[in-house]
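User: I have a model open and would like to talk through its pockets, and then a helix pair. Could you take me through them?

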Amino acid sequence: MQKRPLLIVILAAGKGTRMKSRRPKVLHEIAGRSLIGHVMAAAKAAGAERLAVVIGPGMDDVRAEVGRNLEGSDVFVQTSQLGTADALLAARPALERHQGDVIVLFGDTPLITAQTIMRTADALAGGASVAVVGFEAGDPTGYGRILRDATGCVAAIREEKEASEGERQIRLCNSGVMGFRSEHLLGILTAIGNANAKGEYYLTDAVEIAHGRGQRTVTVMGSEGEMMGINDRAQLAAADAIFQATKRAAVMAGGATLVAPETVTFSHDTIVGEDVLIEPYVVIGPGVTIESNVTIRAFTHVVGTDRKSQSGARISSGSEVGPFARLRPGTNLGANVHIGNFVEVKNAVLEDGAKANHLSYLGDAHIGKGANIGAGTITCNYDGFNKHRTEIGADAFIGSNTALVAPVSIGEGAIVGAGSVITKDVAGGALAMTRADQKEWTGWAARFKRMMQRPKAKTA
């Protein structure tokens with residue numbers, strides 16, 4: 001079967017008023033990626049040579065998201081908002097210059113898989129004029145039904161409100177995803193009318209038109225879960241739950257142990273190595289790589305990228321993080337690093353064997369091999385206007401409750417006494433302290449207690 005050039009068109013013009021949000025529906029996220037970002041990723045993985053997206057008027061933020069996910073994608077605006085066939089025709093310039101196959105996806109179906117898209121392309125390459133992706137629904141209520149003729153070809157798609165009682169008993173439902181051979185597509189689209197309850201141009205009518213012209217119309221089966229469309233917050237949460245269950249299974253199949261899988265949250269791009277142990281209630285955000293033999297203790301939060309930073313986070317082999325730790329973008333932990341409870345790390349490198357076991361903030365820092373960071377240590381990286389870096393050499397020892405006021409450098413093997421505020425560089429091998437001398441007043445505590453325990457004078 002010869003592969004044909006593939007154009008994927010994503011329809012993303014809907015605003016999603018049921019989301020009760022100022023953001024367009026397709027910009028809401030599951031697993032740290034926008035809904036349309038998931039769809040575009042599946043399209044790329046399926047081998048689309050070209051990608052076109054149809055948006056609504058004023059959706060510049062969706063246009064920007066499309067560019068972030070794949071530069072050079074064509075973006076078209078559906079100005080009339082008269083249904084799915086009208087939306088596809090908004091991309092007419094792309095359709096007219098394409099010779100091959102066209103698959104239509106929707107920006108609010110984030111769980112669509114590359115495998116289903118490729119099977120649709122295979123059906124078209126095998127001679128089908130139209131390929132409809134369907135699924136067997138547990139409860140078909142609300143879905144359009146796929147009607148087949150005696151030969152098994154798709155004769156029509158009937159929306160539920162227009163279906164007969166017998167047709168409503170059919171469990172084979174339309175996902176909305178459809179594929180077309182480009183040489184037939186424009187002729188079919190221009191034949192679609194709007195004689196329906198809404199007065200809109202339904203892309204689903206393309207099936208009946210093609211079937212009536214004697215063209216081959218087939219069904220490609222997908223799963224009900226991957227065809228889930230997102231229209232409200234409850235469906236958004238349900239789709240995320242499906243994604244997380246799939247991701248957890250893949251992580252465990254790859255050799256990691258999740259102590260309580262249902263409590264661990266991954267991002268769409270999380271990478272987890274073999275023999276990793278992840279305890280309950282761990283959240284892994286976008287841009288995180290966890291190498292082999294790492295332990296992530298309970299209630300830890302790790303994020304590699306966010307709207308401010310795209311730098312990523314890496315936890316190298318043999319390291320241990322948490323419990324109750326927070327790793328932010330730009331964190332790079334070398335091998336056998338220990339980050340303990342209530343430690344926050346941001347934009348910092350900790351080289352092999354470095355340790356910060358409790359109650360510290362390490363931001364905009366480079367910490368050398370084997371260095372030990374005592375409890376309560378903070379790098380004072382922000383002066384109210386700019387961020388500054390702290391450099392800590394290999395095998396340095398930073399005593400508890402120390403403030404390192406950046407920019408500052410602590411040399412290799414240096415020791416900083418507990419309770420110090422360090423504002424100047426410390427030479428390698430030196431001891432630095434800024435504590436006041438300790439003083440003692442003999443017997444003072446006992447005298448104070450006797451005074452406080454005396455009966456108070458009675459007042460009139």
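Analyst: What follows covers the pockets and one pair of helices. This is a predicted model, in which local features need pLDDT of at least 70 and side-chain atom pairs count only at pLDDT 80 or more, while totals for chains, interfaces and linings use all residues. Residues are numbered from 1 along each chain as its sequence is written, and side-chain values use heavy atoms, with hydrogens and water left out.

User: How much space lies in the largest pocket?

Analyst: About 1,600 Å³, where a pocket is an open set of points on a 1 Å grid over the protein atoms alone, fitting a 1.4 Å probe, with protein on both sides within 12 Å along at least five of seven lines, and the volume is the space filled by probe spheres set on points joined across faces, edges and corners.

User: And which residues are closest to its centre?

Analyst: Of the 42 lining residues, Lys25, Thr84, Phe106, Asp108 and Asn231 are the closest to the centre, lining meaning an atom within 4 Å of a point. Strand β10 (172-181) gives the most to this lining, with 4 residues, strands being DSSP E runs of at least two residues and helices H or I runs of at least four.

User: Switching topic, which residues of α1 meet α2?

Analyst: Ile36, Gly37, Met40 and Lys44 in α1 meet Val62, Glu65, Val66 and Asn69 in α2, with contact taken as heavy atoms within 4.5 Å.

User: At what angle do α1 and α2 pack?

Analyst: The angle is about 35 degrees, and the axes are 10 Å apart; axes are lines fitted to C-alpha atoms over the stretch in contact, and angles run from 0 to 180 degrees between N-to-C directions.
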